[in-house]
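I am keeping these notes as I look things up, one topic at a time. I begin with the fold as a whole and then turn to the ligand and to single residues.

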Amino acid sequence: MKASAIAHPNIALVKYWGKRDARLNLPATDSLSLTLAPLHTHTTVTWRRGGDAFVLNGVEQRPRDVEKVARFLDLVRMLNPELSGAEIVSHNNFPTAAGLASSASAFAALALAATSAAGVTLSPRELSVLARRGSGSAARSIFGGFVRMNAGGEDEEGNDAYAEAIAESNHWDLRVLFALTTTGAKAIPSTRGMNETMRTSPYFSAWCEQVPRAMHDAEKAIAARDFELLAETAEASALQMHASAIAARPGVVYWNGATVELIHAVRTLRTQGLAAFFTIDAGPHVKVFTTAGDAAKVEEALRAQPGVIDVLAAAPGPGAHLTEEHLSPSSQVL
Ligand code: DP6
């Protein structure tokens, strides 16, 4: 009745921004990402009598946060009606809820640990469908390397909205540098930001219409290891996502001054011959993709940028997996 899992966050090259069904958390469009190590969430789930309890980074979580997790666990309880309450102990080895995709690794690790502890065996595809219910981007973190998320649309229960690996983590030795421009939690959670965009942005439909082309170009770029094409495609996807959000009423603006300076700095690095392109999620940080060969130079340039507080380095990583190591509620940093 106890199992532990590790899952890594992922960063989208073609963004997911908008839902076609809120109850089943079905995405409005396809998306595409790269799963990244060594950043990870480690989660231990123990099924036992009583209510649900959730300890994150050594801190007992507030009822509101326990409720989100409890609602997700209800989906696992439906698979095995003998289950009662669960104790969840999680640890992130990177900042939580700061626009660094912690909900992706969180729900991917939770889906795997909770089903495994319950004696329920799901295929990776089924696990991605389950993880999606917790957070859309979490479906992609079930797989390693380059991952495609299918929006689906035929199946009433949303079982065709699943993720699948399109290239292994060793397919292309890229690096991703997280240029952090602020400390602390993000202002507008991604779920709210995308809901407001869907509801009030005149550019939301335009955003959705360009995703098929972006998916086509990104898959072509990855297959051919074409850095230039991936750079052009990923930057356009990020800017178009943010353009749709900024056009909401009131506008959803995730950027700060340092974010904008970094956009220009990364493009300058590229014109100087370094492999570098940016992407930005629901926060002010800038994620810079580069090659293993250029990573040191690009990192040095990012650290010299005004407003950059720190730089975290990551590389293509594996999918969610079970681990023998169990966390107890008093566990501190691994
Ligand atoms: C900007 O997966 O956090 O990071 O499904 O509402 O939990 P919910 O949203 P979430 O959204 C991620 C948005 C994004 C882009 C992406 O990862 O594709």
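**Entry 1: the whole protein**

What percentage of the contacts in the protein with a separation of 6 or more comes from residues 24 or more positions apart? I looked this up before anything else, keeping in mind that the model is predicted, and found that such residues account for 76% of those contacts.

I then listed the secondary structure, and I noted nine helices and 16 strands in the protein. For the overall dimensions I took the C-alpha trace, which spans about 60 × 40 × 40 Å along the principal axes of the protein. A compact globule of 334 residues would have a radius of gyration near 20 Å, and because the protein has 19 Å, I wrote down that the two agree.

Next I turned to the surface, where the accessible area of the protein comes to about 14,000 Å² and 52% of it belongs to carbon and sulfur atoms. Of the 334 residues, 57% count as buried.

**Entry 2: the ligand**

Which residues come nearest to the ligand? I found 17 residues around the ligand, and those that come nearest are Tyr16, Lys19, Ser135, Gly136 and Ser137. When I sorted this shell by residue class, I had six nonpolar, seven polar and four charged residues. I also checked which element supplies the largest share of the shell, and this is helix H4 (residues 190-200), with three residues.

I then went through the polar atoms one by one. An N or O atom in the side chain of Ser135 is 2.7 Å from an oxygen atom of the ligand, while for Gly136 it is a polar backbone atom that lies 2.6 Å from an oxygen atom of the ligand. Arg140 takes part through its side chain, with a polar atom 2.8 Å from an oxygen atom of the ligand. Taken alone, the ligand exposes 460 Å², and the protein buries 93% of that area.

**Entry 3: a lysine in a strand**

Is Lys287 buried or exposed? I placed Lys287 in strand S14 (residues 286-291), and with a relative accessible area of 1% it is buried, because the cut-off for buried is under 20%. I then searched for a partner, and found that the side chain of Lys287 makes a polar contact of 2.9 Å with the side chain of Asp281.

**Entry 4: His8 and its surroundings**

Where does His8 lie? I found His8 in the loop between strand S1 (2-7) and strand S2 (10-14), and at 6% relative accessibility it counts as buried. Although His8 and Leu39 are 31 residues apart along the chain, their C-alpha atoms are separated by 5.9 Å. A polar atom of the His8 side chain lies 2.7 Å from the backbone oxygen of Leu39. Not counting residues up to four places away in sequence, His8 touches a number of residues, among them Ala37, Pro38, Ser105, Ser141 and His321.

**Entry 5: cis peptide bonds**

Pro38, which I had just met as a neighbour of His8, is joined to Ala37 by a cis peptide bond with omega of about 5°. Pro38 lies in the loop between strand S5 (31-37) and strand S6 (41-48). I found another cis peptide bond between Arg249 and Pro250, where omega is about 0°, and Pro250 lies in the loop between helix H7 (227-246) and helix H8 (257-271).

**Entry 6: positive phi**

I noted these angles because most residues other than glycine have a negative phi, and most peptide bonds are trans. Asn25 has a positive phi of about 50° although it is not a glycine, and I located Asn25 in the loop between strand S3 (19-21) and strand S4 (26-27). Asn57 likewise has a positive phi of about 50°, and Asn57 is in the loop between strand S7 (53-56) and strand S8 (59-60).

How much relative accessible area does Asn57 have? I read 30%, so Asn57 is partly exposed, whereas Asn25, at 8% relative accessibility, counts as buried.

**Entry 7: Thr46**

My last residue was Thr46, which has its place in strand S6 and counts as buried at 17% relative accessibility. Leaving aside neighbours within four places in sequence, I found Thr46 in contact with Met1, Lys2, Gly85, Ala86 and Glu87.

Notes
Residues numbered from 1 in each chain as written. Predicted model: local features only at pLDDT ≥ 70, side-chain atom pairs only at ≥ 80, totals over all residues. Heavy atoms only, no water. Near = heavy atom within 4 Å. Polar contact = N/O pair within 3.5 Å; in protein donor to acceptor, adjacent residues only side chain to side chain. Areas by Shrake-Rupley, 256 points an atom, 1.4 Å probe, with all protein chains shown as cover. Helix = DSSP H or I, 4+ residues; strand = E, 2+ residues; numbered from the N terminus. Nonpolar A, V, L, I, M, F, W, Y, C, P; charged D, E, K, R; others polar. Rg over C-alpha atoms; globule rule 2.2 N^0.38 Å. Buried < 20%, exposed > 50% of the residue type's maximum accessible area, 1.4 Å probe, protein only. Contact = heavy atoms within 4.5 Å.
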